[in-house]
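Reader: I should be grateful for a close look at a single part of this protein, namely its largest pocket. Please describe the lining of that pocket and then set it in the context of the rest of the protein.

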Amino acid sequence: MGRFRILSLDGGGIRGLFTATLLGRLLARRRKLIDSADLIAGTSTGGILALGLAAGLEPSQLARLYREQGGRIFDDSAWDDIRDLGQAIGADYDQRALRGELVKQFGQATLGDLGKRVLVPAFDLDAPAKRGRPRMWKPKFFHNFPGSDSDRREKVVDVALRTSAAPTYFPTYQGYVDGGVVANNPSMAAVAQALDPRAAGRDLQDLVVLSIGTGTESTFIRGDRLDWGWAQWARPLVTLMISGVEGVADFQCRQLLGRRYFRLDHTFDRASALDDVRQETLERLVREAERLPLQRVLSWLESQEW
């Protein structure tokens with residue numbers, strides 16, 4: 001049946017600018033990169049990028065969204081801080097600005113209207129009882145493959161807001177939180193979807209995966225024994241969970257796919273928060289993406305006939 005090519009895009013908030021810039025460079029060297037992808041998977045900010053690419057947007061258009069609208073999307077007013085008692089209660093930001101920008105880009109389009117197959121993880125906080133399964137929270141993987149479980153009728157804007165509702169940063173959206181809590185690196189989820197006979201129904205040896213991260217940082221917590229409670233663990237726990245699941249998916253794909261898997265990522269010298277929209281940070285993300293060597297990934301793409 002030939003190769004089945006998967007492009008997988010990590011979550012990472014404003015660091016999606018790094019990914020979009022990288023994609024622009026890759027596309028300039030290999031124009032068929034997006035057209036030849038059989039499935040584009042993305043989580044959180046990577047989900048927005050995946051949906052944009054599937055809708056025909058260029059990486060440069062998506063990069064401009066981060067540069068020009070990032071400050072509005074991550075805008076925390078003094079009144080909001082007072083109402084939320086600082087960061088004690090309530091999310092840091094609301095989704096009005098993000099939703100408005102997504103509506104501009106996608107309008108009323110549904111997943112079924114997209115020109116590519118997509119897979120976008122989110123987490124359903126209150127899934128109804130179904131077929132003997134009790135009412136409970138569970139991961140949800142939105143996709144537009146045909147079949148009885150297809151999400152083709154879901155609006156692109158709604159799926160984008162569900163996958164990017166990062167805990168503590170944004171409120172939940174329609175009962176969902178950020179897909180990063182279960183699959184911030186969605187490459188393994190995409191592999192599972194491609195193998196599913198109800199979806200692509202491909203064999204493992206057919207699969208080729210290019211996984212692109214939003215950059216890693218030298219993040220650590222000092223101490224051999226941390227006697228912490230809820231107050232101390234609350235904020236770092238979100239980052240810990242999201243970073244942890246990235247590594248799990250990377251390990252699984254390397255073990256299963258071998259040379260048919262390539263992980264393109266970068267370690268930043270300085271950490272930047274998911275909501276750091278200062279001009280100097282945006283410029284640094286672009287600069288780091290523009291100077292990252294691409295020869296290895298380009299050679300790999302050539303070797304995999306992508």
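Author: The account below begins with the largest pocket and then turns to the second largest pocket, the nonpolar cores and the overall fold. The model is a predicted one.

The largest pocket has a volume of about 590 Å³. Its lining is made up of 18 residues, and those closest to the centre of the pocket are K130, R133, K138, K140 and D149. Two elements, β3 (117-127) and β4 (136-143), each give two or more residues to this lining. Strand β4 supplies the largest share, with 5 residues. When the lining of the largest pocket is divided by class, 10 residues are charged, 5 are nonpolar and 3 are polar.

The second largest pocket may be set beside this one. Its volume is about 380 Å³. A total of 19 residues line the second largest pocket, and R15, E217, T239, S243 and L274 lie closest to its centre. Here the lining comprises 10 polar, 6 nonpolar and 3 charged residues.

The nonpolar interior comes next. The largest nonpolar core contains 65 residues, among which L7, L51 and L210 touch the most other members. The element that gives the most to this core is helix α1, spanning residues 16-29, with 7 residues. One of the three leucines just named, L51, merits a closer description. Apart from neighbours within four places in sequence, L51 contacts F106, L111, L114, V118, V120, V156, V159 and A160. A second core, separate from the largest one, has 16 residues, including F145, A190, C253 and L257.

Finally, the pockets and cores belong to a protein with 11 helices and 7 strands. Its radius of gyration is 19 Å, close to the 19 Å that the globule rule gives for 306 residues, and the protein is therefore as compact as a globular protein of that length. Along the principal axes, the C-alpha atoms fill a box of roughly 60 × 50 × 45 Å. Buried residues make up 51% of the 306 in the protein. Among contacts with a separation of 6 or more, 76% are between residues 24 or more positions apart.

To return to the part requested, the largest pocket has a lining with 10 charged residues, and β4 is the source of the largest share of that lining.

Terms used. Residues numbered from 1 in each chain as written. Predicted model: local features only at pLDDT ≥ 70, side-chain atom pairs only at ≥ 80, totals over all residues. Heavy atoms only, no water. Core = buried A, V, L, I, M, F, W, Y, C linked by side-chain atoms within 4.5 Å. Buried < 20%, exposed > 50% of the residue type's maximum accessible area, 1.4 Å probe, protein only. Helix = DSSP H or I, 4+ residues; strand = E, 2+ residues; numbered from the N terminus. Contact = heavy atoms within 4.5 Å. 1 Å grid on protein atoms, 1.4 Å probe; cavity = no way out; pocket = protein on both sides within 12 Å on 5 of 7 lines; lining within 4 Å. Points joined across faces, edges and corners; volume = space filled by probe spheres on them. Nonpolar A, V, L, I, M, F, W, Y, C, P; charged D, E, K, R; others polar. Rg over C-alpha atoms; globule rule 2.2 N^0.38 Å.
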